[in-house]
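Please take a moment to look over the sequence and the model before reading on. The paragraphs below walk through the structure one part at a time.

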Amino acid sequence: MARSVVCAGIVVADVFVPPLARLPEPGELVATDDFVVETGGCAANAAIALARLGVRPTIVAKVGGDHFGDFIVDELSAAGVDVSGVGRAAGLGTSKTVIVPVSGEDRRFIHTFGANAALCAADIAAAIDPAPDVLYIGGFLVLPALRQDELAAQLRRARRSGTRVVLDVVAPAGQALSLDDVASVLTEVDYFVPNDDEAAALTGASDPHRQAERLLELGAGTVIVTMGERGLVAAGPDGRPVLAPGSEAINAALRRRLLATLVSLGATGQTGECHRIATLGATTAPVVVVVGLGAPARRGGRVDSRGSRR
């Protein structure tokens with residue numbers, strides 16, 4: 001039986017400018033190849049990745065009543081995502097990011113938050129009745145209308161019905177954070193997936209192992225601190241963080257689990273499918289594995305390497 005998954009959070013229209021030799025001078029026009037527009041954002045990325053693996057997730061998000069909103073809805077639908085939970089925010093444009101790469105320099109990003117600012121706990125409440133198997137929240141902390149206490153109440157309601165909750169955050173630029181910003185929700189989260197910068201901002205700790213420990217102490221069931229190409233640190237109910245040092249180790253761990261878990265999603269379990277998930281990368285892959293591939297809910301006891309309780 002296919003799993004029901006709801007992905008709620010940030011969606012963005014990403015506008016990619018082709019690589020430039022240099023930035024234009026004031027008043028100068030620089031011609032390039034055509035721009036590329038793609039759908040991005042935490043919730044959209046997770047939903048599209050799951051859809052590619054045979055899961056049909058429902059996405060809960062806000063877009064504007066504009067062409068970019070139409071584009072995102074069409075792209076998600078074409079990817080196999082249920083877009084019935086996408087609402088139109090009155091008076092707000094769709095969130096957009098313009099990505100400007102210059103040769104020999106890091107990319108520049110120009111962003112408007114737009115309709116994401118309107119997403120609130122009531123939008124999620126409507127999508128978790130009946131309760132899904134998994135609820136993924138992507139972009140908490142930068143969604144101003146998604147208030148911590150209101151979100152915690154919805155997560156609590158969903159978990160009482162057996163839903164597994166996965167929380168992914170984004171640290172707002174220039175804003176000081178602390179554990180108080182997630183204290184109410186973490187007790188209702190089965191899997192918390194920050195990156196090391198976000199975990200540092202929340203905990204004040206620079207060591208990812210200590211970051212994971214602090215977040216576990218606050219009540220999260222399992223903490224996965226992602227570190228890009230350096231891998232990830234995961235800590236579960238036994239409280240002992242485990243390092244997966246780089247994407248190669250992550251890929252190996254994925255392959256061990258996928259042969260069993262893909263079958264439960266109606267897939268064939270062939271090696272090629274394992275590689276498809278492994279190529280999602282060190283940041284996206286842990287989220288996809290947790291959300292769609294049989295990661296167990298917190299019910300006490302330990303979990304072995306096959307995801308079975310013992």
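Arg-22 has a relative accessibility of 41% and therefore counts as partly exposed, since the range for that class runs between 20% and 50%. In this predicted model, Arg-22 forms a salt bridge with Glu-28, and the closest N and O atoms of the two are 2.7 Å apart. Glu-28, at 31% relative accessibility, counts as partly exposed as well. As a general point, side chains of opposite charge can pair when their charged atoms come close.

How many salt bridges does the count come to? The count comes to 9 salt bridges, and two further ones help to show how separate stretches of the chain are linked. One of them is formed by Lys-62 and Asp-123, whose closest N and O atoms are 3.6 Å apart. Because Lys-62 lies in strand β4 (residues 58–63) and Asp-123 in helix α3 (residues 121–127), this pair ties together parts that are 61 residues apart in sequence. Lys-62 counts as buried, at 15% relative accessibility, whereas Asp-123, at 22%, counts as partly exposed.

Another salt bridge joins Arg-156 to Glu-188, with the closest N and O atoms 3.2 Å apart. Arg-156 belongs to helix α4 (residues 148–160), while Glu-188 sits in the loop between α5 (183–186) and β10 (191–192), so the pair ties together parts that are 32 residues apart in sequence. Arg-156 is partly exposed, with a relative accessible area of 30%, and Glu-188 is buried, with a relative accessible area of 11%. Through salt bridges that share partners, Arg-156, Arg-159, Glu-188 and Asp-190 are joined into one network.

From these charged pairs we can turn to the fold, in which the protein has 10 helices and 13 strands. Four of the strands, placed in the order β3-β2-β6-β7, form an open sheet whose pairing is mixed. At the edges of this sheet stand β3 (36–40) and β7 (108–112), each with a single partner strand, so one side of each is left without a neighbour in the sheet. Neighbouring strands of the sheet are turned against each other by 20° on average, with direction ignored. Within the sheet, strand β2 (residues 12–16) and strand β6 (residues 96–100) pair in the parallel sense over 4 bridges, and Ala-13 stands opposite Lys-96 in β6. Helix α2 (residues 67–78) packs on the sheet, where it touches β2, β3 and β6, and the direction of α2 makes about 65° with that of β3.

A single residue of strand β3, Thr-39, offers a local view of this region. Is Thr-39 buried or exposed? Thr-39 is buried, as its relative accessible area is 11%. Leaving aside neighbours within four places in sequence, Thr-39 is in contact with Val-12, Ala-44, Asn-45, Phe-71, Ile-72, Glu-75 and Leu-76.

Helix α1 (residues 42–52) is the next element to consider, and because 9 of its 11 residues are buried, it is largely enclosed by the rest of the structure. Among the buried residues of α1 are Cys-42, Ala-46, Ile-48 and Leu-50. Just after α1, Gly-54 takes a positive phi of about 100°.

The nonpolar interior comes last, and here a general tendency is useful to keep in mind. In soluble globular proteins, nonpolar side chains tend to be buried together. The largest nonpolar core has 41 residues, of which Ile-124, Ile-137, Phe-140, Leu-167 and Phe-192 touch the most other members. Helix α4 gives the most to this core, with 4 residues. When residues up to four places away in sequence are not counted, Leu-167 touches Ile-137, Phe-140, Val-185, Leu-186, Val-189, Tyr-191, Phe-192 and Val-193. A second, separate core of 29 residues includes Cys-7, Ala-46, Tyr-136 and Tyr-191.

Some totals complete the picture. Of the 310 residues of the protein, 50% count as buried, and the protein exposes about 14300 Å², of which carbon and sulfur atoms supply 52%. Among contacts in the protein with a separation of 6 or more, residues 24 or more positions apart account for 67%.

Conventions: Residues numbered from 1 in each chain as written. Predicted model: local features only at pLDDT ≥ 70, side-chain atom pairs only at ≥ 80, totals over all residues. Heavy atoms only, no water. Buried < 20%, exposed > 50% of the residue type's maximum accessible area, 1.4 Å probe, protein only. Helix = DSSP H or I, 4+ residues; strand = E, 2+ residues; numbered from the N terminus. Salt bridge = Lys/Arg side-chain N within 4 Å of Asp/Glu carboxyl O. Pairing = 2+ DSSP bridges. Axes fitted to C-alpha atoms, helices over the stretch in contact; angles between N-to-C directions. Contact = heavy atoms within 4.5 Å. Core = buried A, V, L, I, M, F, W, Y, C linked by side-chain atoms within 4.5 Å. Areas by Shrake-Rupley, 256 points an atom, 1.4 Å probe, with all protein chains shown as cover.
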